[in-house]
Amino acid sequence: MKQRPTIIVSGKNGQVGSELILLHASYSQFQWIFLDREELDLSSEASISGAFEKYQPAYFVNCAAYTAVDKAEEERGLAEKINAQAVAFIAEKCKAFGTTLIHLSTDYVFDGNGTSPYKTDEPTNPVNFYGATKRAGELCALQNNPKTVIIRTAWVYSTFGKNFVKTMLRLMSERNEISVVKDQVGSPTYARDLAFALAKIVSSEKKHFGIYHFTNEGVISWYDFAIAIKEISGSGCKVNAIPTSAFPTPAKRPQYSVLDNTNLQKDYHIQPRNWKESLQECMSYLQRL
Ligand SMILES: NC(=O)c1ccc[n+]([C@@H]2O[C@H](COP(=O)([O-])OP(=O)(O)OC[C@H]3O[C@@H](n4cnc5c(N)ncnc54)[C@H](OP(=O)(O)O)[C@@H]3O)[C@@H](O)[C@H]2O)c1
């Protein structure tokens, strides 16, 4: 009997990894192997090599990353190790095993001084250390393995892990009034929609390599996002708009974080949903938890 191609998914307990677990049964033409940090530790080359030797994957979907944006300013060595050095080594292994690498990256590779959606080939210029490590990871992945697809995404939320939607719901239930930044705009992205896009890429017959963008459609500020969460949840909490200067963080954030998704639509026929439709779906699941 013909063996099904194996897909390794790293970071199985993260937002995107968890969503892929939920949908993988619909893609039973593949043998999916989901690995957590204990089973595949990106800080260990031996662990990465071991996973390649054991599973001989046709695809490696890298959902693991160092994602603590503010902490990365201090834990520079670790952030660089996971987001850049480990990615370089994974891509080397992919090349040796003939594996297609699907690697996730971020809008934070851009400086946010743009005024129209960032295209995939626009110059990068990260404004924080996390963004710099993710950009380094992109370059290593592309350089070390010709069969690499980079998917940059942004403002990811889901029913899993920590994210803006869950934080807002908690704060709105604890306080009468909250303040949210209005002068940073982007496109909230439901991890479930991103996971479907990843599954579509691995299952698509014709592969296109290089850099792609995937976010939900639409452009809003964090304040607008909070207002939508308030309205959908029916919370009575007052939401105030504040400037970024009133909410200082260790890592600087880009002001304009909008990604142009058109290449993914063109090459992979993936049409992201509008952010509000996806938010409503995610919040309906959250309300049932
Ligand atoms: N979240 C966003 O807003 C956002 C925006 C743009 C781009 N992205 C990118 O999208 C991807 C997925 O993000 P996400 O939100 O799903 O991230 P997440 O929820 O923070 O999950 C990251 C996963 O990486 C794992 N991990 C961390 N260090 C590891 C190590 N040394 N070895 C193995 N696993 C390790 C974590 O394991 P533990 O569960 O054990 O901690 C966690 O499961 C990342 O590449 C991220 O950079 C995210």
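**Asn-261 and the ligand shell**

Me: Why is Asn-261 counted as buried?

Reply: Its relative accessibility is 4%, and buried means under 20% relative accessible area, with a 1.4 Å probe and protein chains only; Asn-261 therefore counts as buried. This is a predicted model, in which local features need pLDDT of at least 70, side-chain atom pairs count only at pLDDT 80 or more, and totals for chains, interfaces and linings use all residues. Residues are numbered from 1 along each chain as its sequence is written, and side-chain values use heavy atoms, without hydrogens and water.

Me: What makes the pairing of the side chains of Asn-261 and Glu-217 a polar contact?

Reply: The two side chains are 3.2 Å apart at this contact. A polar contact is a pair of N or O atoms within 3.5 Å; within protein, one must be able to donate a hydrogen and the other to accept it, and residues adjacent in sequence count only if both atoms are side-chain atoms. The distance of 3.2 Å therefore meets the cut-off. A polar side-chain atom of Asn-261 also lies 3.0 Å from the backbone oxygen of Thr-215.

Me: Which atoms lie 3.0 Å from an oxygen atom of the ligand?

Reply: A backbone N or O atom of Gly-14 does, as does one of Val-16. For Arg-37, a polar side-chain atom is 2.9 Å from a ligand oxygen.

Me: How many residues surround the ligand?

Reply: There are 25 (a residue is near if one of its heavy atoms lies within 4 Å). Among the closest are Thr-67 and Tyr-130.

Key: Buried means under 20% relative accessible area, exposed over 50%, partly exposed in between (1.4 Å probe, protein chains only).
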